[in-house]
Amino acid sequence: MVDTVGQVDFDNPLAIPPIDRGTVASDGVREFALLADEGATEFKPGVSTTTWGFNGSYLGPTLAATIGEPVRVRVDNELAVPTTVHWHGMHLPAEMDGGPHQVIDPGRTWSPSWTIDQEPTTLWYHPHVHGETEEHVEMGLAGMFILEPPDPGRFGLPHRYGVDDIPVIVQDKQFTDAGQFTLSTRGFVGSLGDTVLVNGTAAPYLDVTTERVKLRVLNASSARTYRFAFDDGRSFDLVGTDGGLLEAPHRTGEVQLSPGERAEIVVQVEAGERPVLRSTAPDLGMPDAIAELNGGADTLDVLQLRAASALEPSEPLADRFADIPRLDESDAAEERHFEMDGLQINGQSMQMHTVNEIVEVDTVEVWAVRNRMQFGHSFHVHDVQFQVLTIDGEPPPPELAGWKDTIYTRPGVQYRLIMRFEDYTDPDTPYMYHCHFLAHEDAGMMGQFTVVEDALTAPSTLPGAGDMAPETGHGAEH
C-alpha cells in the first residue's frame, strides 16, 4: 500500500509540454515532426535518469490540429530499437494507425497522413510495439494530441493552452537507488510506482491565474487506475471524456480513470487557495485483498493548484453542450462477444497473422465485453469511438454517457458497447482491440479486426504479417 498524502512538497512548477500546431505545407497539409531518441532527465535534483522522448529527453510536444484538416506526421526513430507511434483514439486508416504492424526501425522514418474527422477532444500518442509497449511507454514515449474546434471559446470552456487549458499527463514511477526506472514492483495489473509524475514533473504545482481552469487529465500509466478528487472535497465539472464533450457538464467530486482514459474537468478556484488534486483508493471491483495488491488501496497526492492573489474572470460554463447522436441498437448489423479471462480474449492470444474479427464498412455493431476474472482489465478499441449501451443491463452513469474508446471492465460485469464503422476499408491491415493494462497487452491480451467492403470474401489471415516492416509500403521512407 502506498500513501503519499502530506508527504509531497509540491516544490516544482508543472512543466507544460510545448504546443505544436505544425506548419502548413504547399499542398495544404498540416505537417508535424517527431523524433524518438534516448536522453537523460533529472526528476530529482542532481540525479540523472535514462529516458526516452519525442523531440526532447522525456515525453513529447502536444500536437494540435483543427477538425477537418489534413495532417501528416514525420516520425524519425533514432532509438537503438524498433518502435511505433499509435494515435490513441484517432479515427484514421488502419495503415496510419501506428499499431504493431507499422514498425519504425532504428534510423528509419514513418510518415502517416490522414484527415481529422471526429469530435474535438483530447487524444494521445504512444508506442504500440508488439510485446514491448509497456517498456517504451514507461521510458517516456508519450504525448497529447489535441483536436481543436474552429471556435475554441465555445460553451464558455477555458481554451488558452498553458494558461487556463492545461495538459495533465499522470504517470506513476518506481526508481532504483541509482535513480533509474524499474518495473520490479508489480501487481497482476502490471508495474506500479510510488512516485507520481505529471508532465514529467515530480511534486508539481500549477500557478492558476483565472477563476476557472480546464485540466485535460490523461492516465498515461501502464497499470495504475486513479480516482481523482480534491483534498478539500470540492466539486468540479466533468465536461469531456475520451472522444469529446458530454452533452452537459456533470457536477461531481471525483473521476476514475484506468490506463489510457482521459477526462476534461473544469475547476473553479478562489484567490490565494491551494487545493491538491489527489488520487484516492480507486474502486476496482476486486476482492479487498486482491485490490490492495493492485493499487486499489493507494492514496497519492498528484498536483497542487496555486491560485493567484487576484484572478482573471472566466466565462460561465454553458448549461448544455452539443447533442450526442445516439446509436440505435436496432440498427446493429452484428453483436460480437468478447470474454476476457487470464491474459486472453475469447480464449485466444494475439497472433500477428490472424484476423480475429471481420467488420463490414458502414455498419453499426454491438460489442459485448465481459471480464471473467476476479482481477481488473480494461478494453480499448482502435479507430472508433463507442457509446456504452448498458452495464450489466443498466444504463451507464453520466461519466460513461459520452464517447469512449477505453473502458475499465470490472470483474464479472458485462459492458455492451455500440459503435459505427464508417469508412477506411483495408482487408490486409488490421486495427487492434485489447486490454490497455500494457503488461496484459504485451502478454497477448489483444485481437485484430479489419474493416472491409464484403466480410464474406475478406481474408482471415494477413499477407506476410509476421515480418511486416516499414518498407512494405505503410508510409516508410529511407
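Here are some short exercises, with worked solutions, on the aromatic rings and one sheet of this predicted model.

**Exercise 1. Classify the ring pair of tryptophan 87 and tyrosine 125, and find where its two members sit.**

Let's start with the whole structure: a search of it finds 27 aromatic pairs. In the pair chosen here, the ring centres of tryptophan 87 and tyrosine 125 are 5.9 Å apart, and the planes meet at 50°. Planes under 30 degrees apart would count as stacked and over 60 as edge-to-face. The angle of 50° therefore makes this pair tilted.

Next, look at the positions. Tryptophan 87 belongs to strand S8 (residues 86-88) and tyrosine 125 to strand S11 (residues 121-126). With their positions 38 residues apart in the chain, the pair links distant parts of it.

**Exercise 2. Decide whether tryptophan 87 and tyrosine 125 are buried or exposed.**

The cut-off to use is this: buried means under 20% relative accessible area. Tryptophan 87 has a relative accessibility of 1%, so tryptophan 87 is buried. Tyrosine 125 has 0%, so tyrosine 125 is buried too.

**Exercise 3. Work out the geometry of the pair tryptophan 367 and phenylalanine 379, then place the two residues.**

First, the geometry: the centres lie 6.5 Å apart, with 70° between the planes, and the pair is edge-to-face.

Second, the location: tryptophan 367 is in strand S30 (residues 363-371), while phenylalanine 379 is in strand S31 (residues 377-381). The pair therefore ties together parts that are twelve residues apart in sequence.

Third, the surroundings: tryptophan 367 counts as buried because its relative accessibility is 0%. Phenylalanine 379 is buried as well, with a relative accessible area of 0%.

Finally, step back to the cluster. Ring pairs join tryptophan 367 and phenylalanine 379 with Phe338, Phe421, Tyr431, Tyr433 and Phe449.

**Exercise 4. Which rings have lysine 44 and arginine 306 over their faces?**

Take lysine 44 to begin with: the ring below is that of phenylalanine 175, with 5.1 Å to the ring centre. For arginine 306, the ring is that of tyrosine 205, and the distance to the ring centre is 3.7 Å.

**Exercise 5. Trace the open sheet of five strands, and find its edges.**

Write down the order: S2-S6-S12-S11-S8, with mixed pairing. The edge strands are S2 (19-20) and S8, each pairing on one side only.

Now zoom in on S11 and strand S12 (residues 143-148): the two run antiparallel and are joined by five bridges. Across from methionine 144 in S12 stands tryptophan 124.

Definitions and conventions: Residues numbered from 1 in each chain as written. Predicted model: local features only at pLDDT ≥ 70, side-chain atom pairs only at ≥ 80, totals over all residues. Heavy atoms only, no water. Phe/Tyr/Trp six-rings, centres within 6.5 Å; stacked < 30°, edge-to-face > 60°. Helix = DSSP H or I, 4+ residues; strand = E, 2+ residues; numbered from the N terminus. Buried < 20%, exposed > 50% of the residue type's maximum accessible area, 1.4 Å probe, protein only. Lys NZ or Arg CZ within 6 Å of the ring centre and 35° of its normal. Pairing = 2+ DSSP bridges.
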